[in-house]
Amino acid sequence: MKKFNIFTVFLTVVTSVAVSVTPAACALDDPEIQAGSALLVEINTGKILYQKNEDDQVAPGDTAKVMTLLLAVEAIEDGRASLLDTVTPSETFLDGIGEDDDVLGIRTGETMKLQDLLYGAYITAGNGACNIVAEHLAGDIETFVGWMNSKAQLLGCAGTKFSDPSGLDDIEQYTTPWDQYLIFNDAIAHPLFIKIAGTPSYKTDPTDYSRERTLVNTNQMLDSTSAHYYNNCVAGCYDSGGAGGRGFLSYAESGELALIAVLLDAADIEGTDGTMRDQSYFETSRLLEWGFTGFTWQVVLDETEILRRVRVELADGTGDVELRPDRTISVLARTDLEPEDIVKQVVVYAQVSGRPLTAPIGAGAVLGEVTVIIDGNACGHAELVAVREVGLNEKMFIESHVRDTLNIPWVQMCIGALLLLVLGYAVFVVRDIRRRRQRRRALEEMKRKIIEDRKSHEKFYQ
C-alpha cells in the first residue's frame, strides 16, 4: 500500500508538471460573440467550447419559464399532474402582470387543459399561463417559486434566485449564463419538455370563452419561413429582452455533436437597410456554427499503438517487452488539431520504482500508464499493458538468484562464520595429526631403544 501511494503521488506530480509546462497549441479563432455574456457547451461530454462572462449576474427574463415548464414536466412524470387536467384560473392569477401583458387573453373562470396552458406558458411566453400552472401544481405562486429556487439549488445554481414563474423584471430576481445552462441542460433530458419547447406552433382546444387559439413559438429558429430559421435547432427559449438586451437559449444537434448555447444581453444592431436586427438570433447561429465546424470527435490514443519498448531481465528470448494502451481514447477536439499537438505522458512503473523489469511477464500485464494532454489539459488516461508474454530463462534465474543471495549481508556473515569454523576445524585436525605423528615417532624411538638395550645386555653376558 505504501508503494502504491508513492506511485500515485509521483504520477500526479508528473502529470501536473507536464500540463503546466506543455505549451498550448494554436486553438480556433475566437468567434468574438457580440453579447454581454455567452456560453457554448457540448452536452454529451460537458465540455465548454466557448465562454464569455458566464458567471455574470443578469435578469432571467423569459428564460425563467424553462424552470416553470421543467417543474411541470416533472410533476406529470411523477403522476402528480396530467396533461389532461382541467384547470380554472383563480381571480388573482393576473396579479403583478396586468391584462395587457397576458398574450393569451385568458379570463378568470375560463377552464383549459393543463397541456394547452403549458404550451401557452412556454412557446408564447404567456405570463398569465405561467401563474395558472404554478397555482394548479403548488396551490399558490409563492409555494411554486419556492420549488423553483429549491430545484435551482439542487442543480448547483449558485447565482440564481427566482421571484415569480414568468421572469418579470424584479431586482430580487437574477441568474447567470452558467446557471441557465445547468437548468436548460436538465430540462432537455425530458422528452415532454423537448416536445413542447421544440413545437413551432400549436392549437389549443376551444373553451367557453374562446375559440381555439393558435400559438406560435417565439423561437424563430424553429420557423422555416423566418430569416432566423436554423435547421439544427431542436428546442430553445427566447427572451424578448430587458434593459441589457435580448437573450436566447438553444439546443441544437448536428452529426455526433449536441450543443447548448446560452446568449444573454445581446443588443439589437442596425442593419444596412436601416432596420434593427435581433442580434441574439444572429450571434447564436454564429456561435453554434463555430462549434459544429470547429470541433469533432477524434481518436487521440489507439490501443494498437506501441508507446514504449522496455528491457526485461532474466527473459527467455529477445529480452524486450512492448507496451500499448489498454483502450482507445476518443475526445472532442478542435478540427485543426495536429498530431504534434497531442502529448502522451508515459510512466513505466518499474522505472518509477528504480527496479529493473524482470521475467516472467504475462501478455496484458499492467506495467504503466499514459495520460493524453491537449492544449495543456489532461483529456484521457489509460493503462499500459504488455503486448506479448515474456518467458523466464531458468538458468539465468538460478544464477541471478544465487548471485543475489550471496549479496545478502547476513548470508555473507554466515558464510564467513562457516569458513572460520571450517578453518578452525582444519587447524585443529592438522595439529592433532601432528601430535599423533609425534607420539607415534616417540613410541617407535622408545621401542627401538628398548630393543637396542636388550641386545647390548645379551651381548654383555655372553
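A residue is taken as buried when its relative accessible area is under 20%, and by this criterion helix α8 is mostly covered, with twelve of its 16 residues buried. The model in which this helix is described is a predicted one. The buried positions of α8 include Gln279, Ser280, Tyr281, Glu283 and Thr284, and they continue with others such as Leu287, Leu288, Trp290 and Phe292. The geometry of α8, which covers residues 279-294, agrees with expectation, because 16 residues at 1.5 Å a residue should span 22 Å and the end C-alpha atoms are 22 Å apart.

For the protein as a whole, the average pLDDT is 86, and 87% of the residues score at least 70. Two stretches fall well outside this description: residues 1-6 have a pLDDT under 50, with one contact beyond four places in sequence, and residues 13-26 likewise have a pLDDT below 50, although the model gives this second stretch 18 contacts beyond near neighbours in sequence. Where pLDDT is low, the predicted coordinates should not be read in detail. The secondary structure comprises eleven helices and 19 strands, and buried residues account for 42% of the 462 residues. Of the contacts between residues at least 6 apart in sequence, 64% join residues that are at least 24 apart.

The largest pocket encloses about 550 Å³ of space. Its lining is made up of 23 residues, of which Lys47, Ile48, Phe295, Asp375 and Asn377 are the closest to the pocket centre. Four strands, β2 (47-52), β12 (295-301), β15 (329-334) and β19 (377-386), each supply at least two lining residues, and the most come from β15, which gives five. In chemical character the lining of this pocket divides into 16 nonpolar, two polar and five charged residues.

A search of the whole structure also finds two cavities of 30 Å³ or more. The largest cavity, with a volume of about 40 Å³, is lined by Asp62, Lys65, Tyr122, Ala125, Asn217, Thr218, Asn219, Gly236, Cys237 and Tyr238. Strand β7 (residues 233-239) gives the most to this lining, with three residues, and the lining as a whole consists of four nonpolar, four polar and two charged residues. The second largest cavity has a volume of about 30 Å³, and its lining is formed by Leu83, Gln115, Tyr119, Leu192, Lys195 and Ile196. Helices α3 (114-122) and α7 (191-197) each supply at least two of these residues, with the largest share, three residues, coming from α7. Four residues of this lining are nonpolar, one is polar and one is charged.

Ala125, one of the residues lining the largest cavity, is located in the loop between α3 and α4 (127-138). Its phi is near 55 degrees, a positive value in a residue other than glycine, and Ala125 counts as buried because its relative accessibility is 14%. A positive phi is also found at Asn53, where the angle is near 50 degrees. Asn53 lies in the loop between β2 and α2 (64-77) and, at 35% relative accessibility, counts as partly exposed. A further backbone feature is the cis peptide bond from Ala359 to Pro360, with omega near 0 degrees; Pro360 belongs to the loop between β17 (357-358) and β18 (366-374). Most residues other than glycine have a negative phi, and most peptide bonds are trans.

Two further positions illustrate local environments in the model. Lys151, in helix α5 (residues 141-154), counts as buried because its relative accessibility is 11%. When residues up to four places away in sequence are not counted, Lys151 touches Met67, Leu70, Leu71, Glu74 and Asp186. Val387, by contrast, is partly exposed, with a relative accessible area of 36%, and is situated in the loop between β19 and α10 (394-406). Apart from its neighbours within four places in sequence, Val387 is in contact with Ile306, Glu322, Leu323, Arg324 and Ala363. The C-alpha atom of Val387 is separated by 9.7 Å from that of Asp326, a residue 61 places away along the chain.

Technical notes
Residues are numbered from 1 along each chain as its sequence is written. This is a predicted model: local features need pLDDT of at least 70, side-chain atom pairs count only at pLDDT 80 or more; totals for chains, interfaces and linings use all residues. Side-chain values use heavy atoms; hydrogens and water are left out. pLDDT is the predictor's confidence in each residue, from 0 to 100. Contact means heavy atoms within 4.5 Å. On a 1 Å grid over the protein atoms alone, a cavity is a set of points where a 1.4 Å probe fits but cannot get out, and a pocket is an open set with protein on both sides within 12 Å along at least five of seven lines; lining residues have an atom within 4 Å of a point. Grid points are joined across faces, edges and corners, and a volume is the space filled by probe spheres set on the points. Ala, Val, Leu, Ile, Met, Phe, Trp, Tyr, Cys and Pro count as nonpolar, Asp, Glu, Lys and Arg as charged, and the others, Gly among them, as polar. The expected span of a helix is 1.5 Å times one less than its number of residues. Buried means under 20% relative accessible area, exposed over 50%, partly exposed in between (1.4 Å probe, protein chains only).
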